[in-house]
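Hi everyone, thanks for making time. I'd like to walk you through one model today, mostly through its charged side chains and its core. Let's put it on the screen.

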Amino acid sequence: MRPALRLLATPASMGSKSSLSESLALLPPLQLYRRILRVHRKKLEPEMRLLGDGYVKSEFRAHKSVDNPLHIIGFLTEWQLYAQKLEGDSWAGEKLDKAKLDKMSDQQLGQLYELMQAIRNRDGEGEE
């Protein structure tokens, strides 16, 4: 990810209704990455932290060489909103927004399904 400094100074409220994000500028990728891992350490139980850390690491690694500014802003905005929700405990029991679900590619839907299966297997619901 090679974001320009001016891109990082834009508000994180693009398409978001969250009052937390309206007043904050986007964090640089490395700071955001560290913040997410720190929040995982504080808020998630060990099994969920392992799953979450692995996912965050693979996503940031996969987006490391993205050059499209809109893609970078969208990526950083969503991860920053995720970190804010985890810090505020507003994520528990929250349902996925239908508009975001409709925008997902087939690959993203597949990843979401795999995540759901991993959580169910961890909780013992997937066992037959």
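Let me begin in helix H4, where Asp53 and Arg49 sit four residues apart, about one turn of the helix. Their side chains meet in a salt bridge, with 3.3 Å from N to O. The two partners differ in how much surface they show: Asp53 is buried at 11% relative accessibility, while Arg49 is partly exposed at 30%. Please keep in mind that this is a predicted model.

Now let me step back for the overall picture. The protein chain has seven helices and zero strands, so in DSSP terms the pattern along the sequence is simply α-α-α-α-α-α-α. Of its 128 residues, 27% count as buried. Among contacts between residues at least 6 apart in sequence, 61% join residues at least 24 apart. For those of you who like surfaces, the accessible area comes to about 9000 Å², and 54% of that belongs to carbon and sulfur atoms.

Back to the charges. How many salt bridges does a search of the whole structure find? The search finds four. You have met one of them, Asp53 with Arg49, and I'd like to show you two others.

One is between Arg35 and Glu87, whose side chains meet at 2.6 Å, N to O. Arg35 lies in helix H3, residues 29-43, and Glu87 in helix H5, residues 69-88, so this pair ties together parts that are 52 residues apart in sequence. Is Arg35 buried or exposed? Arg35 is buried, with a relative accessible area of 14%. Glu87, at 36%, counts as partly exposed.

The other is Lys98 with Asp102, at 3.2 Å from N to O. Both residues are in helix H6, residues 98-103, and being four residues apart they are separated by about one helical turn. Here both ends are exposed: Lys98 at 56% relative accessibility and Asp102 at 54%.

Next, a charged residue without a partner. Glu59 lies in helix H4, which covers residues 46-62. Glu59 is buried yet has no salt bridge. Which side chain of opposite charge is nearest to Glu59, and how far away is it? That would be Arg61, 9.9 Å away. A salt bridge here needs nitrogen and oxygen within 4 Å, so Arg61 does not qualify at that distance. What does Glu59 touch, then, leaving aside its neighbours within four places in sequence? Its contacts are Phe75, Trp79 and Gln111.

Two of those names bring us to the core. The largest nonpolar core has 13 residues, and those with the most contacts inside it are Leu32, Ile36, Val56, Phe60, Phe75, Leu76 and Trp79. Helices H3, H4 and H5 each supply at least two residues of this core, and H5 gives the most, with six. Trp79 is worth clicking on: beyond its neighbours within four places in sequence, Trp79 is in contact with Leu32, Ile36, Tyr55, Val56, Glu59 and Phe60.

Last stop, helix H3. H3 has 15 residues and reaches 21 Å from its first C-alpha to its last, close to the 21 Å expected at 1.5 Å a residue. Its buried residues are Pro29, Leu32, Arg35, Ile36, Leu37, Val39 and His40. Among them are Leu32 and Ile36, which we just met in the core, and Arg35, the salt-bridge partner of Glu87.

That's my tour. Thanks for listening!

Technical notes: Residues are numbered from 1 along each chain as its sequence is written. This is a predicted model: local features need pLDDT of at least 70, side-chain atom pairs count only at pLDDT 80 or more; totals for chains, interfaces and linings use all residues. Side-chain values use heavy atoms; hydrogens and water are left out. Buried means under 20% relative accessible area, exposed over 50%, partly exposed in between (1.4 Å probe, protein chains only). Lys and Arg count as positive and Asp and Glu as negative; His and the chain ends are not counted. Contact means heavy atoms within 4.5 Å. A nonpolar core is a set of buried Ala, Val, Leu, Ile, Met, Phe, Trp, Tyr and Cys residues joined through side-chain atoms within 4.5 Å. The expected span of a helix is 1.5 Å times one less than its number of residues. Accessible areas come from the Shrake-Rupley method with a 1.4 Å probe; for residues, only the protein chains shown count as cover.
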